[in-house]
Amino acid sequence: MDVLATTDLCDSNIELMESGELRFLQPVFKTYGKREAFSGRIETLKVLDDNGLVLEALRSRGEGKVLVIDGAGSMRCALMGGQLTQLAERMGWAGVVVNGCIRDVNDINECDIGVRALASHPVRPTKKGLGERHLPAFVAGTLILDGDWLYADADGILVSKSELSVSSDKLLSIFDFL
């Protein structure tokens with residue numbers, strides 16, 4: 001799947017931005033992994049300093065989806081490392097967005113997957129399996145629902161209620177302002 005540029009998606013879908021159907025995440029995430037740009041249908045997790053459910057989710061076929069892990073922005077430990085990222089790559093996930101920390105950055109950067117996280121942290125999480133799947137999450141100033149669509153590239157991260165396209169007749173051009 002070709003990944004659409006977030007700038008083009010914003011310019012081509014102004015009415016969706018105005019209605020709130022297309023939303024952006026605040027620019028607080030760092031980029032990891034070989035895929036700078038990725039997109040897909042969202043699956044949500046809510047966990048706190050525990051990655052048992054992260055492992056469970058990534059063991060399932062990703063089929064081009066994006067896992068959004070709402071770790072409440074915790075900076076106490078990493079929620080994902082190199083082994084889980086390798087698993088996500090093997091299982092066909094397009095990307096993972098972590099509202100928290102990751103570890104094993106060098107290993108993650110070798111994987112052909114997109115990863116966004118707030119920071120890296122050397123401490124491992126607990127593995128009790130605490131948390132919940134498929135619930136609404138509020139990440140980086142944005143409501144994210146299980147089943148929404150996520151688009152990420154070097155310019156930022158967008159979330160939409162539906163799969164988006166870019167209409168060339170709706171794209172703004174510098175010539176529109178001259």
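## A tour from Glu56 outward

Start by selecting Glu56, which is partly exposed at a relative accessible area of 42%. Here buried means under 20% relative accessible area, exposed means over 50%, and partly exposed lies in between, with a 1.4 Å probe and protein chains only. The model is predicted, and local features need pLDDT of at least 70, side-chain atom pairs count only at pLDDT 80 or more, while totals for chains, interfaces and linings use all residues. Residues are numbered from 1 along each chain as its sequence is written, and side-chain values use heavy atoms, with hydrogens and water left out.

**Stop 1: the salt bridges**

Keep Glu56 and add Arg133. The two form a salt bridge, with the closest N and O atoms 3.0 Å apart. A salt bridge is a side-chain nitrogen of Lys or Arg within 4 Å of a carboxyl oxygen of Asp or Glu. Arg133 lies in strand S8 (residues 132-133) and Glu56 in helix H3, so this pair ties together parts that are 77 residues apart in sequence. Helices (H or I, at least four residues) and strands (E, at least two) are DSSP runs, numbered from the N terminus. Arg133 is partly exposed, at 24% relative accessibility.

Now select Glu43. Its salt bridge with Arg133 has closest N and O atoms 2.5 Å apart. Glu43 lies in strand S3 and Arg133 in strand S8, so the pair joins parts that are 90 residues apart in sequence. Is Glu43 buried or exposed? It is buried, with a relative accessible area of 4%.

Add Lys65. Its side chain meets that of Glu43 in another salt bridge, at 3.1 Å from N to O. Lys65 sits in the loop between H3 and S4, 22 residues from Glu43 in strand S3. With Glu43, Glu56, Lys65 and Arg133 all selected, you have a network of salt bridges on screen. The whole structure contains six salt bridges.

**Stop 2: the nonpolar cores**

Hide the charged side chains and select Leu58, Leu67, Ile69, Val96 and Ile102. These are the residues with the most contacts inside the largest nonpolar core, which has 24 residues. A nonpolar core is a set of buried Ala, Val, Leu, Ile, Met, Phe, Trp, Tyr and Cys residues joined through side-chain atoms within 4.5 Å. The elements giving two or more residues to this core are H3, strand S4 (66-70), S5, H4, strand S6 (95-102) and strand S7 (114-120). H3 supplies the largest share, four residues.

Which residues does Ile69 touch, beyond those up to four places away in sequence? They are Leu45, Val47, Val54, Leu79, Val96, Val97, Val98 and Asn99. Contact means heavy atoms within 4.5 Å. Apart from the largest core lies another, of 17 residues, including Phe38, Ala94, Val97 and Leu118.

**Stop 3: the annotated site**

Select Gly81, Gly82, Gln83, Leu84 and Arg103. An unreviewed UniProt entry labels these residues "binding site". They span 23 residues in sequence, yet no two of their C-alpha atoms are more than 10.2 Å apart, so they gather at one spot. UniProt positions are given in the numbering used here, feature names are shortened, and annotations may be inferred rather than shown by experiment.

Within the site, look at Gly81, in the loop between strand S5 (78-80) and helix H4 (82-90). Gly81 is buried at 10% relative accessibility. Leaving aside neighbours within four places in sequence, Gly81 is in contact with Arg103, Asp104 and Ile108. Gln83 is in helix H4 and is exposed, at 68% relative accessibility.

Next, select Asn51, in the loop between strand S3 (38-46) and helix H3 (52-58). Asn51 is buried, with a relative accessible area of 5%. Not counting residues up to four places away in sequence, it touches Leu79, Leu84, Pro125, Thr126 and Lys127. One of these, Leu84, is also covered by the "binding site" annotation.

**Stop 4: the cysteines**

Finish with the cysteines. How many disulfides does the structure hold? The count is zero, a disulfide being a pair of cysteine sulfur atoms within 2.5 Å. Select Cys77 and Cys101: the sulfur of Cys101 is the nearest cysteine sulfur to Cys77, at 7.6 Å. Cys77 is buried, at 5% relative accessibility. Cys10 is partly exposed, at 22%.
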